[in-house]
Amino acid sequence: MRNRGGIIALIVILLSVSAYYLIRTLKANSIRKDAEAFAMTVDGNIDPQKKQRYLDSLWKQPVFLGTTLEDLTKQELGLGLDLQGGMHVILEVSPNDIVKSLASSSRDPRINQAITNAAERSVTSTDHFVDLFADEFKKLAPNTSLSRVFANSSNRGELSLNSSDVEVISYLKTEVDGAFDRAFNIIQTRVDKFGVANPNLQKLPGTNRIQVELPGIDNPQRVRKLLSGAAKLEFVEVYEMQEIGPSLDAFSNYLGQLDADSRLSSLENKINNASSADTAKTASNDLASQLAGTSDSTSVGDSLLNNNNAFSNLFVNTGYGLAVRSKDTSRVNEILKRTAVKQLFPADLSFVYDVKPFLNTTNNEELVNLYFVKDLGNAPLEGDVITNARQDYDPTTGRPDVSMQMNATGSRKWRDLTAANVGQRVAIVLDNYVYSAPNVNQEITGGNSSISGNFTLEEASDLANVLKAGKLPAPTNIIEEAVVGASVGSSAVRAGVISSLVGLLAVLVFVLIYYNRAGWIANIALLVNLVLLLGVMASFGATLTLPGIAGMVLSVGMSVDANVLIYERIKEELAEGKPFATAVRNGFKFAMPSIIDSNVTTLITGIILFIFGTGLVLGFATTLLIGIFTSLFCAIFISRLIFEHYIKKGKTISFMMQWTERLFNNTNINFVDNRKKFYMVSAGIIIAGAISIGIKGFGLGVDFKGGRTYVAKFENTVATEDVRNAMEQAGFNAEVKTFGGFDQVKITTAYEIDNTNPEVELEIQEKINGVVSSLDGNPGEVVSSSKVGPTIANDTIWSSLKAIFYSLIVTFIYIFIRFRSVAFSFGAVVAVFHDVLVILGIFSLFNGILPFSLDVDQAFVGAVLTLMGYSMNDTVVVFDRVREYLNDKRKANESIAQVINNALNSTLSRTAVTGIATLLVLLILLIFGGETIRGFIFAMFLGVIVGTYSSLYIAAPIVVDAMQRQLTKEKEEGLKAAANAAKA
């Protein structure tokens with residue numbers, strides 16, 4: 001084996017790096033457990049504020065080999081919402097409303113009609129909304145220039161009445177895209193300040209949508225208001241410290257008293273809890289010594305009140321104001337909200353933080369400025385008066401600044417505000433966070449202002465965007481959401497762990513039973529593969545979901561395939577009487593084309609799943625893609641190194657148990673001659689499925705038809721009809737299905753699905769809770785919920801269809817390139833298409849009959865794409881052997897049917913072993929994996945069976961028919977050519 005030393009070094013490095021990132025994950029989880037223990041209350045609940053305070057205190061501190069907790073959480077194997085509970089939301093920034101706002105000065109009714117038409121087209125079009133709007137407007141008003149609609153005083157300098165349509169479209173795109181970016185930044189700031197550990201926020205590529213995932217959320221209504229509320233920009237006056245000096249003194253004394261009370265309470269507890277008289281005496285002496293430490297001229301109370309350590313422990317005087325250590329913000333917030341503290345300050349004063357923390361270089365602490373502002377919520381000037389804002393440069397210093405223009409009303413109010421605050425600061429506040437607090441140098445008239453400071457280019461640009469948020473608010477609507485309760489998450493963790501361990505154990509035992517001592521080598525490779533897979537996921541900061549666990553276990557099961565291909569080849573070489581060393585090396589060599597081809601087809605499926613999938617499917621695809629590379633690496637290198645070790649020592653390894661020695665030996669099943677019978681069997685199943693689809697249809701999931709879904713768990717067994725009747729009495733037209741056990745149901749309704757008002761959402765939630773909790777003496781609770789708007793439902797259907805179509809096209813092209821024959825590509829694609837039709841038919845036929853959901857949803861599409869990859873994997877392995885046999889001169893006298901039949905029989909052992917190993921894993925996932933992925937796993941379970949069947953009885957026979965037709969055609973053309981030559 002070449003470069004043996006280099007390969008060993010690479011394996012050691014990869015395992016070390018994987019172990020390092022997994023240990024980081026364990027450390028981060030250990031700290032979270034410590035935080036929960038710290039925040040545990042007397043009644044056994046966890047105080048979220050105390051937990052967050054504990055985590056904040058360590059956030060910037062080194063906790064593992066010099067790594068801070070903040071950095072630790074960025075590269076760890078986190079748990080998805082389905083495993084820990086939380087809330088998933090997709091927000092859409094409405095371009096319709098932005099274009100309407102930009103055209104607000106026009107009263108032309110054709111604008112609204114064009115916007116409506118463009119919105120309808122945007123459901124199925126990938127074009128920019130502005131292009132769709134311009135196209136629709138031109139249909140309605142072909143002789144009207146867009147500049148007549150959009151040019152006004154607020155965009156003077158950018159547009160004029162003489163601007164071309166191209167210039168107006170470019171301006172509209174800039175404003176719409178800018179509004180989306182501003183909305184994303186605002187949402188990001190809100191999420192960052194929300195106090196949730198490990199939130200996930202990302203723009204969805206190619207859309208005007210934002211995905212937000214918040215683990216551990218227990219108040220969904222608060223999140224809905226937080227995410228969909230309009231941004232409020234205010235200009236407010238700032239109290240300087242000298243103006244509120246007496247209030248700050250009183251506050252300092254209040255903190256001193258709190259500290260004293262805390263220490264006195266601690267000492268009293270020490271005395272009360274003393275186990276002996278001596279201990280009690282010691283505790284009393286400690287108290288006495290603290291009391292004796294006070295001055296004779298000062299009472300104990302006065303001494304404690306005058307102790308400012310409590311104030312300086314929480315606040316830092318920066319010279320121009322107060323700052324708070326980032327780790328103490330939770331504690332400070334809790335204190336500042338107290339009524340007793342609010343009464344110490346002026347009634348119009350509010351405490352507001354700066355949006356960005358800064359680093360105190362003297363002690364390397366992260367601080368955030370705290371401002372005392374006037375009339376927040378009732379500001380003298382708000383953001384709706386701003387007509388434009390942009391990043392500019394100070395003409396005297398050349399440093400970045402921000403230019404801002406206001407309308408007439410704003411100019412007048414701004415003049416009054418600046419005149420009253422010359423030499424003072426005015427804070428620019430968005431969503432209750434200060435983005436800038438510049439000093440007013442003079443009264444500003446005319447509405448044109450320049451805000452300068454020690455800005456970087458990025459900071460100036462950010463501030464301009466903040467000011468624009470007042471000019472053009474970007475409304476966001478929740479078009480999809482899912483809430484998973486903590487109890488559901490913990491159940492999912494148990495299901496995931498059990499299914500993973502049992503599935504892994506089943507595969508290991510099966511491989512050992514079938515391959516004897518060689519099975520140990522395969523199992524070592526599988527275990528190393530698992531460590532590498534988890535390590536790589538942790539290094540990427542990937543999130544482990546329940547489908548991800550399914551993908552992980554399945555990738556382990558499917559990674560058996562590479563070992564099986566190698567082992568079967570080695571067995572063939574040994575059967576021909578070759579030495580062990582030669583057999584092993586030839587086995588690896590001859591198995592490589594099949595291994596590469598089969599994994600590339602699975603890789604194609606994984607990439608398409610990754611591109612088009614979201615949520616459950618995306619988690620599965622991520623794990624599957626990583627698993628393909630790690631399993632390949634382990635099968636090729638880990639196994640080979642161990643074999644080379646035995647070869648070097650002159651030892652051999654057995655590949656068979658006594659009962660497996662003759663299994664699949666000299667099989668001679670006539671697959672090809674019986675192909676027409678199997679064509680008829682497949683046609684019968686497909687026709688039955690088509691009839692069922694025509695009569696029954698499918699049970700469409702909520703992500704395909706839109707609506708709200710609630711999973712409710714009851715104390716006792718519940719009848720779906722009882723729940724359905726109760727829902728109808730409450731005014732809901734709902735579909736109710738048993739979900740998991742007979743004490744749990746899934747409720748789906750399209751009631752008010754187009755209404756995005758958070759108040760309506762709360763009203764619906766309360767009604768559902770009322771129905772569930774008062775059901776005829778069998779109370780229950782809603783343990784999870786989800787919502788999919790009609791827009792995203794349509795998008796999901798289109799993306800799913802595109803995923804299947806692209807998968808077929810790319811696979812056809814790849815097989816044509818590899819096998820240089822349309823017959824092979826045609827056979828593979830027809831077999832895959834056959835598999836999809838059979839699975840669709842079975843899901844329609846058995847929908848409502850089996851005790852678990854057979855909804856056709858995005859998860860089902862993911863399963864279909866995965867089984868397409870598996871079926872192609874199986875087919876390609878057979879095709880590789882067919883190609884080998886066709887190129888073998890020793891088989892030149894055999895017919896195409898004989899060659900393909902022999903190829904099918906020679907690969908039958910590999911087909912059976914890989915199929916059994918994969919089905920074992922899927923069966924265990926089906927039993928133990930939990931209800932969330934049961935329909936998904938069932939589709940894959942069926943897919944493996946159908947895919948194996950089609951590779952044997954559909955794909956290869958179709959290649960026979962296609963190649964025979966091609967040969968017949970060539971013979972006929974040859975005869976014609978000969979006849980023409982004879983005539984000539």
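**Helix 28 and S800**

I began with S800, which I found in helix 28, residues 790-819, and I kept in mind from the outset that this is a predicted model. Is S800 buried or exposed? With a relative accessible area of 6%, S800 is buried, because the cut-off for that label is anything under 20%. I then looked up its separation from F860: the two residues are 60 apart in sequence, and their C-alpha atoms are 9.8 Å apart in space.

**The chain as a whole**

Before going further I noted the totals, and for the secondary structure of the protein chain I wrote down 33 helices and 24 strands. The protein chain has 984 residues, of which 50% are buried. When I took the contacts between residues at least 6 apart in sequence, I found that 74% of them join residues at least 24 apart.

**The eight-stranded sheet**

I next traced an open sheet of eight strands, whose order I recorded as 5-6-4-19-24-21-23-22, with antiparallel pairing. Which strands lie at the edges? They are strand 5, residues 200-204, and strand 22, residues 734-738, each of which pairs on one side only. From one strand to the next the twist averages 20 degrees. As a reminder to myself, strands of a sheet pair through backbone hydrogen bonds, and the pairing can be parallel or antiparallel.

At the strand 22 edge, I found five bridges to strand 23, residues 744-749, with the two strands running antiparallel. Here A734 stands opposite T749 of strand 23.

At the other end of the order I spent longer on strand 6, which is mostly covered, since I found six of its seven residues to be buried. Strand 6 pairs in the antiparallel sense with strand 4 over seven bridges, and with strand 5, again in the antiparallel sense, over five bridges. Which residue of strand 6 is the bridge partner of H88? It is E213, and when I looked up N200 I found that its bridge partner in strand 6 is likewise E213.

I also checked what lies across this part of the sheet, and found helix 9, residues 165-192, lying across strand 4 (86-93), strand 5, strand 6 (209-215) and strand 19 (476-484). The angle I noted between helix 9 and strand 5 is about 170 degrees.

**Strand 18 and its partner**

Turning to strand 18, residues 448-451, I saw that the side chains alternate: S449 and I451 point to one face and are buried, whereas N448 and S450 point to the other face and are not buried. Strand 18 is joined by four bridges to strand 15, residues 400-406, and the two run antiparallel. Within this pair, Q405 has N448 as its bridge partner.

**Two residues with positive phi**

I looked up two loop residues for their backbone angles. Phi of D375 is near 55 degrees, a positive value in a residue other than glycine, and D375 sits in the loop between strand 12 (365-374) and strand 13 (381-382). Its relative accessibility is 30%, so D375 counts as partly exposed.

For N516 I found phi near 60 degrees, which is also positive in a residue other than glycine. N516 lies in the loop between helix 19 (486-515) and helix 20 (517-539), and I entered N516 as partly exposed because its relative accessible area is 24%.

**The second largest pocket**

I then turned to the second largest pocket, for which I noted a volume of about 890 Å³. Which of its 26 lining residues are closest to the centre? They are E572, E576, R881, Y885 and S906. Helix 21 (546-575), helix 30 (858-886) and helix 31 (896-906) each supply at least two residues of the lining, and the largest share, seven residues, comes from helix 21. By kind, I divided the lining of this pocket into seven nonpolar, seven polar and 12 charged residues.

**D874 in helix 30**

My last entry concerns D874, which is found in helix 30, one of the helices that supply the pocket lining. I recorded D874 as buried, because its relative accessible area is 0%. Leaving aside neighbours within four places in sequence, what is D874 in contact with? I found contacts with R910, T911, G947, T948 and S951.

Technical notes. Residues numbered from 1 in each chain as written. Predicted model: local features only at pLDDT ≥ 70, side-chain atom pairs only at ≥ 80, totals over all residues. Heavy atoms only, no water. Pairing = 2+ DSSP bridges. Axes fitted to C-alpha atoms, helices over the stretch in contact; angles between N-to-C directions. Contact = heavy atoms within 4.5 Å. 1 Å grid on protein atoms, 1.4 Å probe; cavity = no way out; pocket = protein on both sides within 12 Å on 5 of 7 lines; lining within 4 Å. Points joined across faces, edges and corners; volume = space filled by probe spheres on them. Nonpolar A, V, L, I, M, F, W, Y, C, P; charged D, E, K, R; others polar. Buried < 20%, exposed > 50% of the residue type's maximum accessible area, 1.4 Å probe, protein only.
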